[in-house]
Amino acid sequence: MNENGPAKAVLQLNEVHTYYGRIHALKGISCRIPSGGIVCLIGANGAGKSTTLMTICGVQPAAKGEILFEGRPIHRMRPEQIASLGISQVPEGRQIFPLMTTLENLEMGAYLRKDRDGIKRDLEKVYSLFPVLKERRNQLGGTLSGGEQQMLAIARALMSRPRLLLLDEPSLGLAPLLVERIFDTIQEINRAGTPIFLVEQNAQMALSISGWGYVMETGRIVLADRARALLEDEQVKKAYLGE
Amino acid sequence: METQAFLVQQIVNALFLGSIYALIALGYTMVYGIIQLINFAHGEMFTAGSFIGLIVLGALQRMGFVESHFVLSMFVVFAMAMAYVAFLGVAIEHVAYKPLRRASRLSALLSALGMSIFLSNGMMLSQGVSDRAYPPVLGTGGIHVLGARITYGQIFIVAFAVALMVGLNLFVKKTKLGKAMRATAQNRRMAGLLGINIDKTIRTTFVIGPALGAAAGVMVGMYYGSVRFDMGFIPGIKAFAAAVLGGIGNITGAMVGGMLIGMVEVLWAAFLPSEWKDVTAFIVLILVLYFRPTGILGERVIEERV
Amino acid sequence: MVRREIQRFCIYTLFLTILVLPMVGMRGPEFEARRAFTVLSVLVGVLLLTTVFRLLRETSFYRNLGQRIRQRRDRALGKIQVLPRPVALGSLFFLLALFPFAANNYVIDVAITVLIYVTLGLGLNVVVGLAGLLDLGYIAFYAVGAYTYSLLNLHYGIPFWFALPFGVVIGSLCGCIIGYPTLKMRGDYLAIVTLGFGEIIRLVLNNWDNLTKGPNGLLGMDKPKLILPSFSDGGLSWTVVPLKSLPSLYFVILAVALLTVIAVHRLNNSRIGRAWIAIREDETAAELTGIPTTLLKLLAYALGAVFAAVAGAFFAAKLSYTNPNFFVFLESCVVLSIVVLGGMGSIPGIILGALALIAIPELFRELASYRMLAFGGAMTVMMVLKPEGFIPATRRKRELHEEELESEEAADE
Ligand SMILES: Nc1ncnc2c1ncn2[C@@H]1O[C@H](COP(=O)(O)OP(=O)(O)OP(=O)(O)O)[C@@H](O)[C@H]1O
Ligand SMILES: [Mg+2]
């Protein structure tokens, strides 16, 4: 395993273990997200990718190991505290509030913020990023299409002005054209300065926009390298790129 | 003329009873919406509110305060009863429900049943087994509408109940905490990810629901003139039926369901043998659910089983 | 740690003060300080004890102690399990059979009640534990059984054993009638609808004066009779013995309870039982795999009702009396707690649950008024401490276990 991870990390996981009851889902995960970069995490179903993100956010707290965000340990904090530090997640399956309107969903994204003007400006910003959300602003979240929901989920995460954005399979179930748009948007968000930790099944796409990549298997990180190097890696090609 | 007066009278009665059921049903529906638990102790909260109302009202009356400052003393009575029961609600949530959030729903349900039995027996031991009389403060004055007599007490109670419901709706729709509550009810994990303090939000639900139940308890005490340790049981299950009728978890549904149950019950009592009136709520419930299994306004579909 | 516990203690004390003083102290116009503060100090004392306990639990001394106790207990349990199953069961039978000869009437009476509740608990377990249908009106079937026997016996003089089949048929019919409209409903909607049905049946019994004598109840039913061989006058002859004494009634209900245990045990491991579990776990999936869910749910209700009806008939015959107040909602709660407290779906758990919930409160008969208070409190405390019940069903344990093993295997590939 390549231990020379990227330098100057916003987020660093050291030997993190997580359990679901007695099921040992993460068996000592270590990884680093550099400030300003995109890092992706790929792996088969059930490898523990979503669990990694949920552990970072404190929803499924780490039983052992440490998680540092901007140098501060966060692994003992509760989800809302971690959110207030500026970590924002777009979870698997979108998790839109079905009985709230698009606008209300976006407002919930800015729940921890107090600056009304800033919120208003950011609202305009995400509307310009995803114009369809503006059209649908008074429609209930549950009645949006899958793609619209995915956009809403990303937009909602952006409303908190995250200092780190975690994305869990943003391309799941979307048409190829939309996938491309979402990935473009991810890069755009990153260019504006937000570091991104991207979990993906679509390894080709994910690696092509990331600087660094991790490969996960059954609760462990088995490969870590520059994304470009992973794209060339024979093992990765065979297992995840379908070549 | 006669029948018209009779009808108006029945409508007023139905509105009154419906408001009471609606207020209690709100507590069931809000708690259910947020933690998917049938709070069986809710009927006892209604009773506790009634008792505290009686205690405060009695004290104020002995001080002669009720005569001199009627409106203020009404305010104090309701505020104290609602505050006390809110405390009770928060305490019960903390002790009996919070540790069971990840356990099976049946365990939590039994915990709630245990609390219900505990509270009603606790009130029996502390406040006695027999009926306790409420001071008649609402008076008998009233107005005549289309030949029917409507007392000021009835007007006051219905108006106050409606005000509470409007207030609740505004709270849930407009305030940040209210929106957090709805978000938590719809997707708890996501709400946490967005920085909403789940424990605090659930606690808020256990402040508001029981407080509304307490208000209903004071109203019933004032209107019917007596309290008893077990008076919460029947209205409790009827209000629960009302909440299910409207579509449990749905706040508007609880109000609609409460009004409907109140109305049907008054109509039944007016025209049919009244010893059967307690059956009506269930018959209506079963009929409605048979044809609309998710209640009148539909159930909030929570697929995620916690 | 210590600071947090002290903080907790203070907040809880504040809450207790606010909650206890007005409710307990203000029964009349005067504040009864002694009463209020006595209750408060008892509660704060309990709170203090738990706080001390929580603090102690963190110390190493206590942890070691806990470990040692656990080891001892495991060793002791190991020894018990060394007994081969037939021997254990055999000695249990022996004890149960000898029991009435060693006990006085009061104890036998309690034992009969426990056995009735074992039957009820096992019956409700079919509905709740196996099929996963929440039933809060179960006691209604008990009432149906009791009233069916009472009415048949009083009006037509039909003896117990001949009335029993009627009770079974009417009970299962009632089960289907109640089950049918609820088939489409899920989970918690069932709770209120079954509760409603239970109340309707009770109110019918209460209000239909002509038939049921209303709240006064029915009186004077015959006890069950047995036909026994007798050799008293030289040759063999058959005599009809009315079971008047408590020990003889005990044996009958013991037989009923044992039959129920056997029936439920066999159901547990039958195809039907597995289909019920499939419905409980995921109804849609069960339906898609071709399990006739509607029929099976009705069957669960009907079977559960049958057990309750038999218990009810026996109950009415034993007392020669019945009235609607025996069948209040609280009784449904008690039976449900037996099922859940024992450990959903586990037969030994339910027997233990019935013992705990029926026999233990009997010990505190003198404290009648505090009994229900303690019952309610204990129910909550039990659930909080052991949400899965005393003895969780083995099938569930196994299910959990398999999941673990699988994930371990997957992990080690
Ligand atoms: N709530 C849960 N309870 C028990 N086990 C769980 C739970 N959630 C996940 N697991 C288990 O933890 C392991 C990792 O799951 P996780 O969801 O993190 O996988 P993943 O890599 O995100 O897979 P996918 O690509 O399918 O989303 C799996 O074996 C899964 O069965
Ligand atoms: Mg995943």
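**Close-up views of a predicted model**

**View 1. The magnesium ion (ligand 2) and its protein donors.** A:Ser50 (OG) and A:Glu92, the latter through OE listed twice, lie 1.9 to 2.7 Å from the magnesium ion, donors being N, O and S atoms within 2.8 Å of the metal (3.2 Å for Na, K and Ca), with water not among the atoms, so sites may look incomplete. A:Ser50 belongs to helix 1 (residues 49-56) of chain A, whereas A:Glu92, 42 residues apart from it, sits in the loop between strand 6 (87-90) and helix 3 (102-109); helices (H or I, at least four residues) and strands (E, at least two) are DSSP runs, numbered from the N terminus. This is a predicted model in which local features need pLDDT of at least 70, side-chain atom pairs count only at pLDDT 80 or more, and totals for chains, interfaces and linings use all residues. Residues are numbered from 1 along each chain as its sequence is written, chains are lettered from A and ligands numbered from 1 in the order in which they are written, and side-chain values use heavy atoms, without hydrogens and water.

**View 2. An aromatic pair between chains B and C.** B:Tyr290, in helix 12 (residues 277-291) of chain B, and C:Tyr180, in helix 7 (residues 160-182) of chain C, form a tilted pair, 6.1 Å centre to centre with 45 degrees between the planes. Rings of Phe, Tyr and Trp (its six-membered ring) pair if their centres lie within 6.5 Å, and planes under 30 degrees apart count as stacked, over 60 as edge-to-face and the rest as tilted.

**View 3. Charges over rings.** A:Arg156 lies over the face of A:Phe97, 5.2 Å from the ring centre, and B:Lys176 over that of A:Tyr111, at 5.1 Å, where NZ of Lys or CZ of Arg must be within 6 Å of the ring centre and within 35 degrees of the ring normal.
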